[in-house]
Amino acid sequence: MTSRIGQVRWLRSLSGVVQGHLRLPLLRTGLCTGLFEELREPRDASELAERLELAPDLVASWLRAAEAHRLIRCKEGKYQIGGFVRWLLDAEEVPAIRALLDQTALTYAPRLDQISELMEGAERPEFGASEEALRTAAVSRLMERHAIAALARVPGVRAARRVLDIGCGQGTYLAGVLTHYRDAHGLGIELNPSVAEEARRTLREAQVSRRGEIRVGDFMTLDLAEGSYDLALLNNLIYYFSREQRRALFERVSGCLAGHGVFAIQTTIAAADRVTRALGVDRSTATFDLVLRAHRNLYGLPDPEEVFSDLREAGFEEMGQISIGPGGSLRYLWARTGSPQRARQPVR
């Protein structure tokens with residue numbers, strides 16, 4: 001029989017699960033309606049409702065709930081945001097943070113609600129609607145600065161002058177690399193024409209469009225000169241390839257690289273150790289892996305040893321890993337081609 005102390009402990013755990021589920025919609029409501037922005041200064045419920053032209057009873061109730069979830073604080077009947085929400089509003093990466101919240105609420109949560117049905121054989125949905133693709137591209141910017149800094153630690157990257165970005169999305173990583181390495185030139189390949197146009201705009205805004213080109217098409221079939229690139233990037237796309245498809249992809253990349261060319265694969269790893277547990281990263285990566293597998297056109301988080309094995313079969317030799325963020329779940333798996341005697345062809 002469970003002791004009274006044990007019952008209290010398990011009830012607190014249950015409460016934590018429920019509260020975590022409820023906190024996200026409260027957070028998104030505050031961001032989407034402008035409530036948090038207004039609460040930079042202390043305001044009461046009626047003032048808020050009037051300023052934003054919102055339903056007074058719902059505003060008052062939301063304020064009480066948001067305070068209970070420690071999103072805002074109340075003093076003498078007036079509410080104001082705390083440090084966490086202020087950071088959400090002012091962080092340099094705020095578009096990426098908001099995209100992550102939206103992706104969690106609009107894609108991940110509904111998919112997780114379907115897991116029991118999918119386990120019983122229901123057809124898995126396809127990932128990649130335009131809204132999902134745009135949110136995914138925006139979320140990738142959350143760790144962009146850290147990723148570009150980590151990329152510099154990959155052997156051979158600093159000397160790379162011709163960069164190939166496979167599945168470049170909105171072009172933010174390519175723009176970042178070309179900004180960081182002023183004598184580098186780059187080609188980004190993007191399957192979606194509208195996203196490719198966004199990538200071109202990104203390069204223009206970063207003032208690197210003279211050194212960067214975006215092409216629309218499938219990397220596996222586009223006409224690319226062999227041995228032309230010093231560095232190939234694959235950022236957070238390995239989940240779109242089955243292992244067989246991945247092997248073909250690696251062979252294609254190997255053929256595009258010059259001698260001692262570098263292939264850098266940015267990916268999340270389902271790591272579980274003392275550090276990831278302390279940071280809570282193990283929970284998020286394990287759940288991410290489950291969400292990926294719940295789609296018919298996505299695959300789970302990769303096993304680094306399997307990736308390295310496939311890279312060796314594709315002709316890569318030296319390889320290793322570089323951590324990007326705290327806990328090491330986000331990292332670069334990198335590999336280099338062999339002989340430097342490969343003929344370098346002009347980029348087409």
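These entries record what I looked up in a predicted model, first its sheet and then its two largest pockets.

**Sheet.** I traced the strand order and found an open sheet of seven strands, E5-E4-E3-E6-E7-E9-E8, with mixed pairing. I then checked the edges: strand E5 (212-216) and strand E8 (319-323) each have a single partner strand, so one side of each lacks a neighbour in the sheet. From one strand to the next, the twist averages 20°.

**E7 and E9.** I looked at how these two strands pair. Strand E7 (residues 257-268) and strand E9 (residues 330-336) run antiparallel and are joined by seven bridges. Thr268 has Leu330 in E9 as its bridge partner.

**Helix across the sheet.** I noted that helix H9 (residues 144-151) lies across E6, E7, E8 and E9, at about 30° to E9.

**Largest pocket.** I recorded a volume of about 1900 Å³. The lining comprises 46 residues, and those closest to the centre are Leu100, Thr104, Tyr108, Ser284 and Thr285. Elements giving two or more residues to this lining include helix H1 (4-33), E7 and helix H14 (281-293). Helix H6 gives the most, with nine residues. By class I found 28 nonpolar, 16 polar and two charged residues.

**Second largest pocket.** Here the volume is about 930 Å³. Of its 34 lining residues, Gly167, Glu190, Leu191, Leu237 and Tyr240 are the closest to the centre. Strand E3 (162-166) and strand E4 (185-190) are among the elements that give two or more residues to the lining, while H8 gives the most, with five. I entered the classes as 17 nonpolar, 14 polar and three charged.

Terms used
Residues numbered from 1 in each chain as written. Predicted model: local features only at pLDDT ≥ 70, side-chain atom pairs only at ≥ 80, totals over all residues. Heavy atoms only, no water. Pairing = 2+ DSSP bridges. Helix = DSSP H or I, 4+ residues; strand = E, 2+ residues; numbered from the N terminus. Axes fitted to C-alpha atoms, helices over the stretch in contact; angles between N-to-C directions. Contact = heavy atoms within 4.5 Å. 1 Å grid on protein atoms, 1.4 Å probe; cavity = no way out; pocket = protein on both sides within 12 Å on 5 of 7 lines; lining within 4 Å. Points joined across faces, edges and corners; volume = space filled by probe spheres on them. Nonpolar A, V, L, I, M, F, W, Y, C, P; charged D, E, K, R; others polar.
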